[in-house]
Amino acid sequence: MASTWTDRRLAPYGFLAPAIVLFGLFFALPIGYALHLSLHSVQVKGLGLGRNAREEVWVGLDNFITALSDPELLAGAGRVLRYGAMLVPAMLGLALLFALLLDLPRTRFRAFSRLAIFLPYAVPGIIASLLWGFLYLPSVSPGYFLLRAVGWSGPDLLQGDWLFLALTNIAVWGGTGFNMIVIYTSLRAIPPELYESARLDGCTETQIALRIKIPLIMPSLVLTFFFSTIATLQVFAEPMTLRPLTNSLSSTWSPYMKVYRDAFIQGGMHSAAATAVVIAVVTLVLSFGFLKVVNRRTAERTP
Amino acid sequence: MQRRTGLTAIALIGSLTLAACSGGGTPSADGPVELTMWSWATLQKVADIWNADHPDIKVTVQEQGGGDELVTKVITAAKAGDGPDLVQAEYQMIPTLVSNDVLADITEFAGGAKDKFTENVWKQVTLDSAVYAIPQDTAPLAFYYREDLFTQLGLEVPTTWTEFADVARQIKQKDPNRALTTFSSNDAGLFAGLTQQAGATWWSASGDTWKVAIDVEASRKVATFWGDLVAEGVIDNQPMYTPAWNKALNDGMQIAWVSAVWAPGVLVTSAPDTKGKWRMAPLPQWSAGSNTTGSWGGSTTGITAKAAKNGRAKAAAEFATWLNTDPKAVAALVKEAGVYPAATAAQTSGALTTPEFFPNQPDFYRQAAELAKGTAAASWGPNVNVAYGTFKDAFGKAATEKSPFPAALKAVQDATVADMKKNGFKIEG
Amino acid sequence: MSALLVGPRVKPSVSARRTSWLPTFLLLLGAVYCLIPVLWVVMAATKSRSELFSTFTFLPGNGLWTNLSELTAYRDGVYWLWMLNSGLYAGVGALLSAAVSALSGYALAKYSFPGRGVIFTVILAGVLMPPIALAVPQYLLLAKVDLAGSYWSVLLPSILSPYGIYLARVYAAAAVPDEVLEAARVDGARDLRLFTSIAFPMMRPGLVTVFLFQFVAIWNNFLLPYVMLADDETFPVTVGLYSLLQQGASKPALYTLVITGALLSIIPLIALFLGLQRYWRVDLLTGAVKS
C-alpha cells in the first residue's frame, strides 16, 4: 500500500510516464540508431549481386570525415545561411510591423487583415511551394502577364540570385501570419496605462512603438527569432517542391536535402546518418549557446 | 467509388485495431495466397482480371509515385524486411535492386518465359545468368514533331542529327519565339538512351569486376551535340515535365520532342489542345541510312526477396509471367497503362490500336515496331541511382550556365565510380 | 485573451472616429499579398487542362466540375480517402498529443521532483532534432516490429509534441492555483483524482489550443508519412498530392487534379480556424517567456 506521501512523490513520474516512454521510443531510440548507422558502412562482395552480397561493417569515424570534408555540405550551409539572413529579418520585420499596425487605435478592417495574413499558416509547405511555383513561371504567371502587357519582361525567378528571393518569399508568405499573431498577442498584454500618458504628452504613435512597445515585447521577439531560425535551418519542403521546375536547385542545395539525397536517392543510409548527426549537433550547440546568451542578458537587465 | 467510401470507415478501424497490415498475407492451407504489388502504372484493373480467374492467388496493386521514388522506397523497405511481393522496375534499376537484395532470383519459375521476348530485352533482366524480372514494356526512342507547324514553317523532318541541328536553327530564324525542343536535365534516362544510340554501354561486368563507361567517346559526342545547341541558343535549356513545358508544348512554342514510344500518353495530359497534330518519326541518326535507336525507360515486373522468403515467389512469378505475356493481360495493359508491350507476340497482335491522341497516324504501332527493331542493347550497373542523380545536378548546372557538357559527363562518371569504390565494388581501370 | 478575432481595444477616451489610412492601407496590402496565391488556386481549380496554361490566370475557367469529378474518379476516389486519413491522423494524433501534454505539463508545473529540469530540457531539445534525421531510423525501427506502413506508424511518432508539453506546462502553472490543489489534498484526494477532477477542467481551454497546434502540425506534415507509408490508401492528403505531382517520365504530373486537390485540402483547416478562433491562444507562448 502506497501512503499518500509516496503517492505524491511518485505521482509526477506516473504523469510523465507516457511522455517519457514515447520520447524513448520515437526520439531517443532513433537517435541511437542513427548514431549506430553513422559509425557503420556497407561493403559488397564480388559483383555485389545476389543474396547477402552486402554486409554492414564498422568504419569508425570515416563517415564523419567524409561528411565534413564534402565541400557541398559547407556550400549548402552557406546557401541556407544566406537564405536565413534574408528570410528571418524580412519575415519578423513584417510580422512586427503588421502587429504594431493592428495595435494602433484607428486602423480599420483589422479583423479581415489579421485573418488574411494568418491564413497561409493553414497551407502545408509543399502546397504553398506548388502554388508559388506556378506563380513564378514566366509562361503561366499573372505577374509576368501584366509585365508583358506593358511591354516589359520580368526576370526568371527560378534562376541564380533570384532563386533566393523566390524561396524567401514562400517562407515569408507562410510564416509572417503566425509570428504576427504571437507578437500581436504580447502587444495586447501590455497594460495601456504604460503608454496612455506618453500619448497625452504628445508622443507620436511611431515613438510609442519604438520606445515603449518594442522594448516591452522583446522576450517574444527573441522567442520568435529563435523558432524562426530553427525552422530556417530545417528548410526542406520548399526547395524540394521547386526543384523539378528549375535547373538551378541542386539536390544538395540545403544540408537537409543532402541528407535526403544521400539516404533516399543514393541509398547511402550510413553517410546520411553521419551528416544528420553533424547537423543535429551544430543545431544543438548553436541553440543552447543562443539561449545562454539571451538568458545572461535578461539576467543582467533584471537583477 | 461507392464501394470504397462504404468500406472506408471499416478499413480505418480495421487497420487501427489490427495494427500492421503492411505486407501481404501468408500462404495458408485454406485462404488464397495474397500478393501485393507496387507500381506507378494503373495496373489494378489488369490484376482484377487475374483475380477473377485465379481464386487461389489474389493480387493487390498499390500505386506509387514515379519510377525513381519507387526505387528509393522499395530499397528502404527491403532494408527493413518490409515491402511488396512484386515491384514494377525500369530495366536500368534492376542491378541496383538486385545489389540491394530487393529482387529474388526467379530463374526456376520464369525461365520458360525467355522465348517470348527478344534476346536484348531478356539480357536486361538477367544478371550473372540469373533471371530477376519479367519484362513488361520496351520504350524505343523516336522523334515526335508537330506536323502542322513543320508544314507551316516549311521544315523538313530531320533524319540525321546534323539535319536536326539545322532545323533547330531554321526555326529560330523564322520565329525566334519558338524552339525545336529543349535539353532537359531532369531525367537522365533520355540522355542515356541517346548515348546508347551512339554506341555507349554505361556499365558492364566481367568476372567479379565492373566497368563504368559513362564518359566515353560515344557519350561525349552526344553531350557535345546538345551542349552546343544549348550554347548557341537554338534550343531551350529548361527542364521537361514542368507547367511551363506543358504550356510550351500546348502553345506550339516547342514543336518537337525526342521521346519514347509511350509519348502519346504524356502529350495527352501535357498538351491537351494538340490532339491529331503530332506525328512520330524515327529518331535522327548519326550516319545517314542507319536505323539505330536507344531506350528511355521501359519496365519490368520483379519478384522481391521478401516474397521468396515467405514462399510466395512461385505464385508471384506465375502472376508476373501472365501479366506480361498472356494475350488478355497484355491487351489490358495496353489499354490501362498505355504501354508498348515487351512480349514480341503482342507487338504485332491486335492489342495495339492507334493511340487516341494520334488519329492522324493510324499505323503508329506498326511504325513503332519497325523502329524498335534497331534498339541498341543496353546493360546497367548497381548504382544507376547515383549516376542519374548526379546527372540532374551536373547537367542542370551546365545547361543553365551554357558551359560545355562533356565536363558534366565527366562529373557523372567520377561520382559513379567513387560511389562504387566506396562500397567495395571492384572496378576495371 | 484570444488573438485572432478580439475587437480593437479602443478606449472611448481616445477618439476613434478618424481612420488612420496609412496603417489600414499597409495591412490591407499585407492581406492582399497573403490572399493572392489562395485566389490563384481558387481560379486555377476552375480551369480545364487546356485552360490552365492558356487563359489569363485570374479569370475563372469552365473546368471546375470536370476537375472535381476527375479528382473523385481518380483511383476510385482515393483522394477522399486521403482527406479522411489526414483527418484521422491529425484528429486522433492531436487528441492523444493534448492528453499526453496535459499530463506532462501538469506534472512539470505542479510538482517539484528530482530530474524535473533534466526531463523538461531533454524533451524540449526534441524540437531541435531534424525531423529528417529521425524519420529514417524511426522507419527502420518500426519496420522491425512490423508497424511500418500502418496507420500506427504515422500516429505514434506524432503524439509526443515538445511544443505541446511546453504550452501545457505554462498553462498549468497559470491556470491551476496551488491553493485549490492543496485544499483538495487536505480533503484526501489522491493525485490522479486531483488531476482528473480539478486540474484538467481548469486546463481545458489551453489544451484545446495544444490540440489545434498539433492538429495543424500533423495535417501539414509531409516527411513522416512520406517515409512511413507505401500503400496510397493510407496516405494523408499532403503525401497524396505529392504523389500526383511526382509521376515519372512516362506518366506526367496531373496538374489540374493537384490544384483542385490542393484547394479542397485547405478548406478544412480554414474552417477550423474560423470555427475555433477563440482558442488560438498564442499568448501562452509569450507569457512563458516572462515567467
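**Figure 1. Residues 115-137 of chain A, a mostly helical span in a predicted model.** Helix makes up 70% of this stretch, and strand makes up 0%. Its end C-alpha atoms are 28 Å apart. UniProt, in an unreviewed entry, gives residues 115-137 of chain A the label "transmembrane region". The same label in that entry also covers residues 12-35, 80-103, 162-184, 216-237 and 272-291 of chain A.

**Figure 2. Residues 162-184 of chain A, a span that is 100% helix.** This is another of the stretches that the unreviewed UniProt entry marks as "transmembrane region". Strand accounts for 0% here. From end to end, the C-alpha atoms lie 31 Å apart.

**Figure 3. Residues 77-290 of chain A, annotated as a domain.** The name "domain: ABC transmembrane type-1" comes from an unreviewed UniProt entry. Over this span the chain is 73% helix and 0% strand. The C-alpha atoms at its two ends are 18 Å apart.

**Figure 4. Strands E1 and E2 of chain A, an antiparallel pair.** Strand E1 of chain A runs over residues 40-44. Strand E2 of chain A runs over residues 54-58. The two strands are joined by 5 bridges. Look for Ser41(A): the residue opposite it is Val57(A), in E2(A). How many of the 5 residues in strand E2 of chain A are buried? The count is 0, and the strand is hardly covered.

**Figure 5. The contact between chain A and chain C.** Chain A brings 78 residues to this contact, and chain C brings 81. Which element gives the most to the side of chain A? Helix H1 of chain A does, with 16 residues. This helix spans residues 4-38. Sorted by class, the side of chain A that touches chain C holds 60 nonpolar residues, 11 polar residues and 7 charged residues. For the model, ipTM is 0.87 and pTM is 0.87.

**Figure 6. Two helical spans of chain C.** Residues 21-43 of chain C are 100% helix and 0% strand. Their end C-alpha atoms lie 30 Å apart. Residues 194-219 of chain C are also 100% helix and 0% strand. Here the end C-alpha atoms are 33 Å apart. Both spans are among those annotated "transmembrane region" in an unreviewed UniProt entry. That annotation also covers residues 88-109, 118-140, 152-174 and 253-276 of chain C.

**Figure 7. Confidence along chain C.** The mean pLDDT of chain C is 84, and 88% of its residues reach 70 or more. Where is confidence lowest, and where is it highest? Helix H14 of chain C (residues 283-290) has the lowest mean, at 45. Helix H4 of chain C (residues 78-110) has the highest, at 96. Two stretches of chain C have pLDDT below 50: residues 1-16 and residues 286-291. Beyond near neighbours in sequence, residues 1-16 have 32 contacts in the model. On the same basis, residues 286-291 have 15 contacts.

**Figure 8. The two domains of chain B and their contact.** Domain 1 of chain B takes in residues 22-138 and 297-347, and domain 2 takes in residues 141-293 and 362-422. Their centres, taken over C-alpha atoms, are 28 Å apart. Domain 1 gives 17 residues to the contact, and domain 2 gives 18. On the side of domain 1, helix H4 (94-99) and helix H6 (119-124) of chain B each give two or more residues. H4(B) supplies the largest share, 4 residues. By class, this side of domain 1 has 7 nonpolar, 9 polar and 1 charged residues.

Conventions:
Residues are numbered from 1 along each chain as its sequence is written. Chains are lettered from A and ligands numbered from 1 in the order in which they are written. This is a predicted model: local features need pLDDT of at least 70, side-chain atom pairs count only at pLDDT 80 or more; totals for chains, interfaces and linings use all residues. Two residues are in contact if their C-beta atoms, placed from the backbone, lie within 7 Å. Ala, Val, Leu, Ile, Met, Phe, Trp, Tyr, Cys and Pro count as nonpolar, Asp, Glu, Lys and Arg as charged, and the others, Gly among them, as polar. pLDDT is the predictor's confidence in each residue, from 0 to 100. UniProt positions are given in the numbering used here, feature names are shortened, and annotations may be inferred rather than shown by experiment. A residue is buried if 20 or more other C-beta atoms lie within 10 Å of its own, exposed if 12 or fewer, and partly exposed in between; C-beta atoms are placed from the backbone. Two strands pair if DSSP finds at least two bridges between them. Domain bounds come from an automatic or database domain assignment.
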